[in-house]
Amino acid sequence: MNRPNTLAQDIKEITGAIYGMAGIMDADLCRDANEGEESNLNAFDQGCMLAAMKHLANLASWMAEEIEENEQRMADLAAQGDDREGES
């Protein structure tokens, strides 16, 4: 597997983790809104999950930037190759 595919797969896994944590928090907040039910997550737990989601989102953003930079380098190299062929 080449590098961009590895990064793309990592991004998919990260976004899946973020989506899963958001679902957990959403379900917990719904419990808190129902009468007679208490949420399972306290404010500290929610803060930890939010911090983890922010960290994962930043990591995914960095990986996406890496993919874009690699694609740009490949395009630049291809353009240089095309220029050399035109000079021949």
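Me: Looking at the side chain of Glu69, which residue does it meet in a salt bridge?
Reply: The side chain of Glu69 meets that of Arg73 in a salt bridge, at 3.7 Å from N to O, where a salt bridge is taken as a side-chain nitrogen of Lys or Arg within 4 Å of a carboxyl oxygen of Asp or Glu. Please keep in mind that this is a predicted model, in which local features need pLDDT of at least 70 and side-chain atom pairs count only at pLDDT 80 or more, while totals for chains, interfaces and linings use all residues. Residues are numbered from 1 along each chain as its sequence is written, and side-chain values use heavy atoms, with hydrogens and water left out.

Me: How many salt bridges does the structure hold?
Reply: The structure holds 1 salt bridge. As general background, side chains of opposite charge can pair when their charged atoms come close.

Me: How far apart in sequence are Glu69 and Arg73?
Reply: They are 4 residues apart in helix H2, which means that about one helical turn separates them; helices here are DSSP runs of H or I with at least four residues, strands are runs of E with at least two, and both are numbered from the N terminus.

Me: And are those two buried or exposed?
Reply: Neither, since Glu69 is partly exposed at 40% relative accessible area, and Arg73 is also partly exposed, at 46%. The cut-offs are under 20% for buried and over 50% for exposed, with partly exposed in between, using a 1.4 Å probe and protein chains only.

Me: What does the side chain of Asn70 contact?
Reply: The Asn70 side chain makes a polar contact with the side chain of Arg73 at 2.8 Å, so Arg73 appears both in this contact and in the salt bridge with Glu69. A polar contact is a pair of N or O atoms within 3.5 Å; within protein, one must be able to donate a hydrogen and the other to accept it, and residues adjacent in sequence count only if both atoms are side-chain atoms. Asn70 itself lies in helix H2 and is buried, with a relative accessible area of 17%.

Me: Changing topic, how many helices and strands are there overall?
Reply: The protein chain has 2 helices and 0 strands. Helix H1 covers 3–33 and helix H2 covers 43–87, with Glu38 in the loop between them.

Me: Is Glu38 buried or exposed?
Reply: Glu38 counts as exposed, at 64% relative accessibility. Its C-alpha is 8.5 Å from that of Asp28, and the two are 10 residues apart in sequence.

Me: Which residues make up the largest nonpolar core?
Reply: There are 12 residues in it, namely Leu7, Ile11, Ile14, Met21, Met25, Leu41, Met49, Met53, Leu56, Ala60, Met63 and Ile67. H1 and H2 each supply at least two residues of this core, and the largest share, 6 residues, comes from H2. A nonpolar core is a set of buried Ala, Val, Leu, Ile, Met, Phe, Trp, Tyr and Cys residues joined through side-chain atoms within 4.5 Å.

Me: What does Leu41 touch?
Reply: Leaving aside residues up to four places away in sequence, Leu41 touches Ile24, Met25, Asp28, Gln46 and Met49, with contact meaning heavy atoms within 4.5 Å.

Me: How many disulfides does a search of the whole structure find?
Reply: The search finds 0 disulfides, a disulfide being a pair of cysteine sulfur atoms within 2.5 Å. As for individual cysteines, Cys30 is partly exposed at 42% relative accessible area, and Cys48 is partly exposed at 35%.
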